[in-house]
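Work through these exercises with the predicted model open. Try each task before reading its solution.

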Amino acid sequence: MIRVTVWNENLHEREIPEIKRVYPQGIHGCIKEFLSKESNLEVTTVTLDMPGQGLPRELLEKTDVLIWWSHALHHEVTDENAQMVAEFVRRGMGFIALHSSHMCKPLRLLLGTTMTLKWKDDDSERLFVTCPSHPIAKGIPEHFDLENEEMYGEYFDIPKPDDVVFTGWFKGGYAFRSGVTFTRGNGKIFYFQPGHESFPIYYNETIQKIITNAVNWAKGDVLLAERDNVMVTD
Ligand code: ZN
């Protein structure tokens, strides 16, 4: 079994009625629902308001892949918790950062750049597979459309990715490296741009397939004992 933990700041879904209508169980609940259909995945959800900010060390010890969604409350995640998540990733825990999580503390720690980008509300996006041999692109059409999505545009200040699996083109004229992979230590990292909270993006079957593929790809293949070789100790 691959043990997946979905972490969500869970703010907009609680506070804004229109977004609650889209995700009555929260974005984490929606992601859990479709991932739980996979017989090889065991899914746990946690939120920022839980004890230990939903990130107790014992949970991370039992997590193969951590999925992260945050937007307005990046700063509330403590530096200690962000460092701990980054450390687990370097040891071999997979990390999937969704949408506005490009600015989350653990990802910024792991990648070391500003992670800034261009932004505009209400657009529509066509996503192209730009690395068809990649496991995350398996079974995904060469391009597909999201009728409504927030625009994220270049320049996206990330380090050079291992692979650009998806590239987004927006009707408004911008392009974006929408699905990018990195390796840090033993950990595989996937950043995936779609998923603005106002739109039912995570109900889209192609998006669900991509996230499912990403979980299967990012799971740590390295034994825990080997992971410890890359732990920073003093
Ligand atoms: Zn957004």
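**Exercise 1.** Find the spacing that the donors of the zinc ion follow along the chain, and place the two histidines.

*Solution.*
- The spacing is H-x50-E-x45-H.
- The protein donors are H99 (NE2), E150 (OE) and H196 (ND1), lying 2.0 to 2.1 Å from the zinc ion.
- H99 sits in the loop between β4 (94-98) and α6 (105-111), and H196 in the loop between β9 (187-192) and α7 (205-218), so the pair ties together parts that are 97 residues apart in sequence.
- Buried means under 20% relative accessible area. H99, at 1%, is therefore buried. H196, at 7%, is buried too.

**Exercise 2.** How many disulfides are there?

*Solution.*
- Two cysteine sulfur atoms must lie within 2.5 Å. The count is zero.
- Take C104: its nearest cysteine sulfur belongs to C30 and is 19 Å away.
- C104 is buried, at 1% relative accessible area. C131 is buried at 13%.

**Exercise 3.** Which residue forms a salt bridge with D64, and what parts of the chain does the pair tie together?

*Solution.*
- The partner is R3, with the closest N and O atoms 3.1 Å apart.
- D64 lies in the loop between α4 (57-61) and β3 (65-69), R3 in strand β1 (residues 2-8), so the pair ties together parts 61 residues apart in sequence.
- D64 is buried at 10%. R3 is partly exposed at 31%.
- This bridge is one of six.

**Exercise 4.** Is R91, the salt-bridge partner of E61, buried or exposed?

*Solution.*
- The closest N and O atoms of E61 and R91 are 3.9 Å apart.
- E61 is in helix α4 and R91 in helix α5 (residues 79-91), 30 residues apart.
- R91 is buried, at 4%. E61 is partly exposed, at 32%.

Terms used
Residues are numbered from 1 along each chain as its sequence is written. This is a predicted model: local features need pLDDT of at least 70, side-chain atom pairs count only at pLDDT 80 or more; totals for chains, interfaces and linings use all residues. Side-chain values use heavy atoms; hydrogens and water are left out. Donors are N, O and S atoms within 2.8 Å of the metal (3.2 Å for Na, K and Ca); water is not among the atoms, so sites may look incomplete. Helices (H or I, at least four residues) and strands (E, at least two) are DSSP runs, numbered from the N terminus. Buried means under 20% relative accessible area, exposed over 50%, partly exposed in between (1.4 Å probe, protein chains only). A salt bridge is a side-chain nitrogen of Lys or Arg within 4 Å of a carboxyl oxygen of Asp or Glu.
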